[in-house]
Amino acid sequence: MESSLQTALRAAFHPRSIAVIGASNDLNKLGGSEIRLLREAGYAGKIYPINPKEESIQGLKAYPSVADVPDEVERAVIILPTRLVPDAVRDCAKKKVKVVQIYSAGFGEFGEAGKALEQELLAAAKEAGMRIIGPNCIGTYSPSGRISFIRGTSLQSGHVAFVSQSGGIAFDIIDRGEVLGIRFSKVVSIGNSIDLDHPDYLEYLLEDPDTKVIGCYMESVRDGQRLLQLLKRLTPKKPVVVLKGGRTESGTQSVASHTGSLAGNYQIWQALFRQTGVIPVTSVDEMLTALLALQSLKTYPAGRVAMIGNGGGATVLASDTLEERGLKLAKLSSTTVERIAQLGVANNGRNVNPIDLPAYELSVKEGQLFGDLVRAFSQDPNVNYILFHINLIPFATYGNLAEILEQFARQLETVDPSAVNLVGVLRSNEKPEIEAVRFEAMRKLHQLGIPVFRTVEQGIYGIAVAANGLGGVR
């Protein structure tokens, strides 16, 4: 039997019916785009536009208030001026709506008057057993529920969940994550989180069969002890990555103006991360790298890496970064060393790991040498991760870059992914013509289950996160 929390969040991510309070025929307004987004996402449930001034909205029958809807409403989205929100919440409570998402801002982040309004909302919801997402938030993204707050984004389901106190960061994580190959189970923007807070979402995700990795952007939390206990239960089962906003004095002041909350001493948060096994990150880029790695790579605590790429300097720097992140270059078996020597690569005093070769050597015979080297690494029991780093510019100089990368991908298709983790780095000069080829190559490698990063440092950081959950030395 569902708990009240499970019922509310099931209605948030997979509602059978949604009322849009403040719906509009103007697609340039939030009340208009909300309905358009639901329809474009393929939402299959009932949509009830609420607007006392309209008889129909975007071809749907409109109702003066949620109380006038003849059927059950599981979820409501409120997009109204702040002064009208309390009455709308009370109407939803009387209608026995399970969960209300309040898009509107102008509450606790605006000082004491706004906080008083928040208490009105809470009192009305609590009396009816209704839960509140927000206020000051942009809602939920649920590919399997066919709900999105971003137009034109992927609705392919995955196993990564993200809980964000910032709507903008939630937007970035989905939009940029899609390009990187991250696929989400659920994303929620929680805003001021006056009712449902981080621990509530984490409790729900703990039991969610569709979620295997969790990311959070946190600025504050009301019940630190509950958060501590939930994270202790979560991290042995599902890795949790946290980006904490408000780590400095300036950041703490920004939190107060953003959501009206207190961020707390960051040293306390650091202690919490250590006690619970949370993976802390300090930027959206690090968050995306960690989520991609945890989605794609298996955990091998030994962290033994074999590397191959073009560019001696890049290989030297990669070796340094590897050690700084608490990883190590794999000591290859004698069988592997002999195989590499037979390929002619270990001649002239070259090391067998890492291997750096000029672009023209790696690309000969339709990438056969590249494939043979990766296969040799993959069959060595001492290798946990293979990092191949490709500087695209020399390949574009020597031949058809797109064709060469396609040949490399075909070689990688023959590597058994159950035996080893493959990690790709495609380095670019960011010129549009190179970026276009890089993007297509990245998509092909995603289809093979290979995560692709932009820099060697990101690739190694991803391996460190997967291998030891800490990202190495910080």
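**Exercise 1. Start with helix 10 and helix 18: work out how they pass each other.**

Solution. Helix 10 goes past helix 18 in a right-handed crossing. Here a crossing is right-handed if the near helix is turned clockwise from the far one by less than a right angle, and left-handed if anticlockwise. Next, the distance and angle: the two axes come within 8 Å and cross at roughly 55 degrees. That makes helix 10 oblique to helix 18, given that angles under 35 degrees count as roughly parallel, over 145 as roughly antiparallel, 65 to 115 as roughly perpendicular and the rest as oblique. Axes are lines fitted to C-alpha atoms, for helices over the stretch in contact, with angles from 0 to 180 degrees between N-to-C directions. Helices (H or I, at least four residues) and strands (E, at least two) are DSSP runs numbered from the N terminus.

A word on the model before going on. It's a predicted one, so local features need pLDDT of at least 70 and side-chain atom pairs count only at pLDDT 80 or more, while totals for chains, interfaces and linings use all residues. Residues are numbered from 1 along each chain as its sequence is written, and side-chain values use heavy atoms, with hydrogens and water left out.

**Exercise 2. Do the same for helix 16 and helix 17.**

Solution. Helix 16 covers residues 401-412, and its axis comes within 10 Å of that of helix 17, crossing at roughly 15 degrees. The two helices are therefore roughly parallel to each other. As for handedness, the crossing of helix 16 and helix 17 is right-handed.

**Exercise 3. Describe the largest pocket.**

Solution. First, the volume: about 810 Å³. The search runs on a 1 Å grid over the protein atoms alone, and a pocket is an open set of points where a 1.4 Å probe fits, with protein on both sides within 12 Å along at least five of seven lines; lining residues have an atom within 4 Å of a point. Grid points are joined across faces, edges and corners, and the volume is the space filled by probe spheres set on the points.

Second, the lining: 35 residues, with G181, R183, L292, Q295 and S296 nearest the centre. Helix 5 (167-180), helix 10 (284-296), helix 17 (432-447) and helix 18 (456-468) each put at least two residues into this lining.

Third, the chemistry: 14 nonpolar, 16 polar and five charged residues. Ala, Val, Leu, Ile, Met, Phe, Trp, Tyr, Cys and Pro count as nonpolar, Asp, Glu, Lys and Arg as charged, and the others, Gly among them, as polar.

**Exercise 4. Lay out the two open sheets.**

Solution. Take the five-stranded sheet: the order is 2-1-5-6-7, with parallel pairing (two strands pair if DSSP finds at least two bridges between them). Strand 2 (46-50) and strand 7 (131-133) are the edge strands, each pairing on one side only. From one strand to the next, the twist averages 20 degrees. Zooming in, strand 6 (residues 99-102) pairs with strand 7 in the parallel sense over three bridges, and V99 has R131 of strand 7 as its bridge partner.

Now the six-stranded sheet: it runs 8-10-9-11-12-13, and the pairing is mixed. Strand 8 (139-141) and strand 13 (279-281) sit at the edges with a single partner strand each, so one side of each has no neighbour in the sheet. Twist here averages 15 degrees from one strand to the next. Strand 12 (residues 240-244) pairs with strand 13 in the parallel sense over three bridges, and L243 is bridged to V281 in strand 13.

**Exercise 5. Hunt down the backbone oddities.**

Solution. Most residues other than glycine have a negative phi, and most peptide bonds are trans. Check the prolines: G134 and P135 are joined by a cis peptide bond, omega about 0 degrees, and P135 lies in the loop between strand 7 and strand 8. Another cis bond links N353 and P354, with omega about 5 degrees. Finally, K96 is a non-glycine residue with a positive phi, near 65 degrees, in the loop between helix 3 (85-95) and strand 6.
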